[in-house]
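Visitor: Before we begin, I would like each label to be set against its cut-off. Could you take me through the reasoning step by step?

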Amino acid sequence: MDINLMESLFKQHVDESLRNTSNPNIQEICKRNNIEYQKEITSHQVENMLNTKIKELLERKKSLSIRDFLKLRPQLLLKHNIFDEPIYYTDYFSFINAYSSTEVKLPDLNNTIEWQELLIAILDYQMLSKKSYINLSLSTKEKNEGIAALYWIHRGFNIKVSNGKIDILDKEYKKIGDEVERRLTKIGGKNVIEYLLNNTYFEKKFLRYKLIRNHQTMDKPTPSSIPFGYLFNLAIKNFSKPQRNNSEYLIDSLAELLEMTRHYVALLQLQSYNIYVELFLNHDTFIEHVYNNVLYDKIMLHKQFNPRYIPRNIRVMLGGYFTQINGNQIFGLSFEELISIINYLLNHPSQGQSFRKFDIDMVNAAFPSLNKEIIKHVLDIFTHVKDVNKEFRYPNSISDFDKKPLIYSEGHYLLIDRTLCAFSFYDCLCDIFRETIGKVFDSNLGFTLEDYIKSLFHKHGVQVSYGYYNQNEECDIVIESESSVFFLEIKKKPLTRKALAGDGVSLFSDIAKSILNSQIQLGKHEMTLLKNGEIILYANKGKQKNNPINAKIILNGRKIERVSVNANDYGVLNDKNLTQNILKFLTGVDLQSDNPDRNGELADVRKYSAILYDQFKELQELKKGEVQLDLLHTYFDCSFMSLQMLMTRLENINGNEEFANDFIKTKYVMSGVGEPYFEYFNLTK
């Protein structure tokens with residue numbers, strides 16, 4: 001039942017019961033509760049009888065589960081705290097909750113007679129016992145979201161509570177966004193970005209900002225987080241000098257802007273605050289949980305990439321395509337010269353981490369063999385022409401800033417930040433190659449990625465195997481250690497801009513084509529190795545005759561690890577706990593869109609979900625007697641990491657055993673921060 005309707009009916013029943021219990025006379029109390037009245041009866045006796053009656057009424061078989069009834073709690077509390085609605089609704093709700101076990105079924109809220117009987121007994125019992133079961137304890141999340149709603153209500157905006165959540169009309173939401181942008185424009189985007197970067201911890205060893213979820217293990221007072229990603233992109237759009245440059249004015253204005261944006265984004269109700277919400281996931285709200293976390297990544301955090309890795313990635317991943325499109329003519333210089341310029345812009349020690357300024361003469365001095373026209377041409381390729389983030393207005397707007405790494409400001413080519421803009425050099429080149437080569441570029445890039453990862457392992461002394469079995473089944477990479485066999489499946493599917501902006505259908509479609517698809521392939525390898533005890537990998541597809549053998553993988557009682565590796569970071573989706581729960585939730589489900597016209601976009605989700613379920617049943621048979629296999633245990637040995645994460649981990653590795661030991665470091669740890677890098681950094685200190 002709709003929570004708003006539940007609330008309306010419950011309040012009607014409470015109001016009617018209050019009218020019917022206005023007379024506190026013992027005789028009247030007995031009469032309306034069908035208790036036989038005797039002159040010698042005491043109020044204490046009636047109290048005990050009512051207590052017994054309430055318990056009996058709650059033990060009857062009814063239709064409304066206590067779990068569904070409890071959905072009213074945030075609705076009643078938020079309305080009391082935001083709009084000062086009467087507290088007695090929460091009082092009687094809390095009484096029923098205190099008296100009810102998880103097995104209790106309450107009367108249908110449309111059944112006025114049964115609810116009147118129950119509530120009259122409760123009201124009279126409370127009147128006689130003078131006990132209150134009210135629980136006004138709000139979680140940090142509810143407090144902060146209520147504070148945010150009041151903040152904007154006091155500023156004249158129309159905000160409601162609906163279906164247990166804060167509800168704001170799209171028109172009001174946009175009006176707030178416009179007010180935030182006006183405030184930011186007065187301060188100046190450059191000043192805002194300087195503040196964000198200077199006040200965010202930066203790990204120099206790993207060249208990464210500590211942008212993580214702000215969680216507590218206990219429900220302690222915790223302020224809403226500053227929406228770094230939203231403010232950064234809005235500041236890029238309005239990257240201009242402030243109208244006033246008085247330092248005291250800037251400090252006060254920045255403080256007000258941060259408060260505004262914290263309260264603005266809190267209305268979206270994305271932040272969980274409590275670490276246990278991330279560790280122990282609720283199946284009923286799982287889709288919403290994934291959706292909120294991906295949107296949180298976009299609004300509160302920002303994509304980061306180690307700038308030291310980018311020149312190397314471009315050289316190995318894109319070198320062949322540069323030759324294919326005759327890049328010397330397009331760029332006016334050789335591929336190595338192009339990489340050298342990119343490396344200079346990103347990593348030359350003469351400039352700092354942020355606000356790296358370049359002009360043509362400066363770059364020409366570093367590369368005197370190149371003429372200035374060519375240098376200008378290359379810099380222009382990587383520079384936004386004008387109106388960066390023109391359509392970016394609200395927290396969930398789509399940004400175009402990450403399409404190119406540089407902006408032009410005050411006569412200089414400006415790299416805002418090495419870490420935040422590094423990946424855009426790679427993305428920008430991919431867009432150029434894709435436009436020239438066509439769709440085949442992306443499919444071929446997947447093969448290049450596989451070869452690159454193999455070379456990375458080789459560089460760090462990790463011996464890998466690969467090849468085909470059963471004629472057409474391909475193992476991308478197999479790594480063996482004394483205790484484990486690691487199957488790695490390589491994909492390059494990124495999260496689309498629509499998915500990152502909060503489009504749920506696009507998000508789960510992307511998850512299907514990356515996580516689900518790769519884990520299905522890995523599941524095939526695992527089942528084959530479990531059935532046969534070995535897998536013989538051949539060099540080529542097709543029949544075994546005259547087909548060279550690459551490797552023979554023998555299980556020999558070792559553990560099997562399934563690792564999906566993607567060219568792109570997936571943010572919180574790379575978190576091991578969330579990956580495993582995604583696989584658990586999306587096994588054997590018929591996922592449908594609220595919009596029937598978009599159900600076709602979820603066809604891959606349903607197809608892969610059915611395959612995962614078949615694999616699960618087969619694994620249960622294969623491991624029968626060994627372990628009691630449920631879905632979560634099935635996926636405990638599954639993980640999902642990005643190329644950047646793999647490169648980060650390989651810096652500490654030499655050889656197969658070190659790879660296995662390093663992998664185990666994070667396998668049994670769940671921090672709930674949703675940021676695999678700092679989780680890993682903390683474990684390797």
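**Helix H6 and the aromatic rings**

Guide: Helix H6 is mostly covered, with 9 of its 12 residues buried; please keep in mind that the model is a predicted one.

Visitor: Which residues of H6 are the buried ones?

Guide: They are Tyr 89, Thr 90, Asp 91, Tyr 92, Phe 93, Ser 94, Phe 95, Ile 96 and Tyr 99, and the word buried is applied to them because the relative accessible area of a buried residue is under 20%.

Visitor: How do you know that the length of H6 agrees with its 12 residues?

Guide: At 1.5 Å a residue the helix should span 16 Å, and since its end C-alpha atoms are 17 Å apart, the two values agree.

Visitor: What makes Phe 95 and Tyr 125 an aromatic pair, and which kind of pair is it?

Guide: The ring centres are 5.9 Å apart and the planes meet at 65°; pairing requires centres within 6.5 Å, and planes over 60 degrees apart count as edge-to-face, so the pair takes that name. Phe 95 belongs to helix H6 and Tyr 125 to helix H7 (residues 112-129), 30 residues apart, and the pair thus links distant parts of the chain. Both Phe 95 and Tyr 125 are buried.

Visitor: Why is the pair of Tyr 230 and Phe 392 called tilted?

Guide: Its centres lie 6.3 Å apart, with 35° between the planes; because stacked planes are under 30 degrees apart and edge-to-face planes over 60, this angle belongs to the remaining class, tilted. Tyr 230 lies in helix H11 (residues 228-237) and Phe 392 in the loop between helix H19 (372-381) and strand S8 (406-409), so the pair ties together parts that are 162 residues apart in sequence. Tyr 230 and Phe 392 are buried, and they also belong to one aromatic cluster, whose members include Tyr 151, Trp 152 and Tyr 264.

Visitor: Why does Phe 636 count as partly exposed?

Guide: Its relative accessibility is 31%, and because buried means under 20% and exposed over 50%, the value falls in between. Phe 636 is placed in the loop between helix H26 (631-634) and strand S16 (638-642), and together with Ile 664 and Tyr 668 makes a nonpolar surface patch of about 280 Å².

Visitor: How do you know that a charge sits over the ring of Phe 636?

Guide: The charged end of Lys 576 sits over that ring, 5.7 Å from its centre, and this distance satisfies the distance part of the criterion, because the limit is 6 Å.

Technical notes:
Residues are numbered from 1 along each chain as its sequence is written. This is a predicted model: local features need pLDDT of at least 70, side-chain atom pairs count only at pLDDT 80 or more; totals for chains, interfaces and linings use all residues. Side-chain values use heavy atoms; hydrogens and water are left out. Patches are made of residues with over 30% relative accessible area and no salt bridge: like charges are joined within 9 Å, nonpolar side chains (Val, Leu, Ile, Met, Phe, Trp, Tyr) within 5 Å. Accessible areas come from the Shrake-Rupley method with a 1.4 Å probe; for residues, only the protein chains shown count as cover. A salt bridge is a side-chain nitrogen of Lys or Arg within 4 Å of a carboxyl oxygen of Asp or Glu. Helices (H or I, at least four residues) and strands (E, at least two) are DSSP runs, numbered from the N terminus. Buried means under 20% relative accessible area, exposed over 50%, partly exposed in between (1.4 Å probe, protein chains only). Rings of Phe, Tyr and Trp (its six-membered ring) pair if their centres lie within 6.5 Å; planes under 30 degrees apart count as stacked, over 60 as edge-to-face and the rest as tilted. A charge sits over a ring if NZ of Lys or CZ of Arg is within 6 Å of the ring centre and within 35 degrees of the ring normal. The expected span of a helix is 1.5 Å times one less than its number of residues.
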